Amino acid sequence: LSECYYYGDNNLPEDRRLAFEYSLKSAQQNDAEAAYCVALSYIDGDVVDKDPELANYWLRIAANLDYADAQLALACALLREKSETSFKEATEWLTRGAALGNSDCQEGLYLIEQMQKLGISYLDV
């Protein structure tokens, strides 16, 4: 239903605010894709105000529910923090997403491995 309101499909009007509300309700019931959509709303700020903390909160929920796109997005957010702890956690999320078959997570792991072979630190990027 959320997707129908978001895009205005199935004879429903486009209503992104209502789409967000339905996604939030589903996310609160542990729907991984809905949690990811809620996170994207907080990242983009198209329906709600941008809020990186809430975005990461919902990304973590979706990632813990094995939603690979959320694992990738969370890894990217963690890598931007440029700390050893966040780098290790980002690598763990990429590993989990890669195990689920997400090619972008697999590519991210490959790039990290290549950087390490070349002696490039995560702080240098």
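Let's begin at the largest pocket: sorted by class, its lining has 10 nonpolar, four polar and six charged residues. Keep in mind as you click around that this is a predicted model.

**Stop 1: the middle of the pocket.** Select Ser2, Glu3, Tyr6, Ser23 and Cys37. Of the 20 residues that line the largest pocket, these five lie nearest its centre. The volume of this pocket is about 400 Å³.

**Stop 2: the helices around it.** Now colour residues 2-7 (helix H1), 16-27 (helix H2) and 32-44 (helix H3), since each of these helices gives at least two residues to the lining of the largest pocket. Which helix supplies the largest share of the lining? That's H3, with seven residues.

**Stop 3: where H2 meets H3.** Hide H1 for a moment and look at the other two helices. The axes of H2 and H3 come within 7 Å, crossing at roughly 130°. Because of that angle, H2 counts as oblique to H3. As for handedness, H2 passes H3 in a left-handed crossing.

**Stop 4: the residues in contact.** On the H2 side, select Phe20, Ser23, Leu24, Ser26 and Ala27. Then add their partners on H3: Ala34, Ala35, Cys37, Val38, Ser41 and Tyr42. How many of the residues in this contact are nonpolar, polar or charged? Eight are nonpolar, three are polar and none is charged.

**Last stop: back to the pocket.** Two names should look familiar. Ser23 and Cys37 belong to the contact of H2 with H3, and both are also listed among the residues nearest the centre of the largest pocket. Leave them highlighted and bring H1 back, as H1 helps line that pocket too.

Conventions
Residues numbered from 1 in each chain as written. Predicted model: local features only at pLDDT ≥ 70, side-chain atom pairs only at ≥ 80, totals over all residues. Heavy atoms only, no water. 1 Å grid on protein atoms, 1.4 Å probe; cavity = no way out; pocket = protein on both sides within 12 Å on 5 of 7 lines; lining within 4 Å. Points joined across faces, edges and corners; volume = space filled by probe spheres on them. Helix = DSSP H or I, 4+ residues; strand = E, 2+ residues; numbered from the N terminus. Nonpolar A, V, L, I, M, F, W, Y, C, P; charged D, E, K, R; others polar. Axes fitted to C-alpha atoms, helices over the stretch in contact; angles between N-to-C directions. Parallel < 35°, antiparallel > 145°, perpendicular 65-115°, else oblique. Left-handed = near helix turned anticlockwise from the far one by under 90°. Contact = heavy atoms within 4.5 Å.
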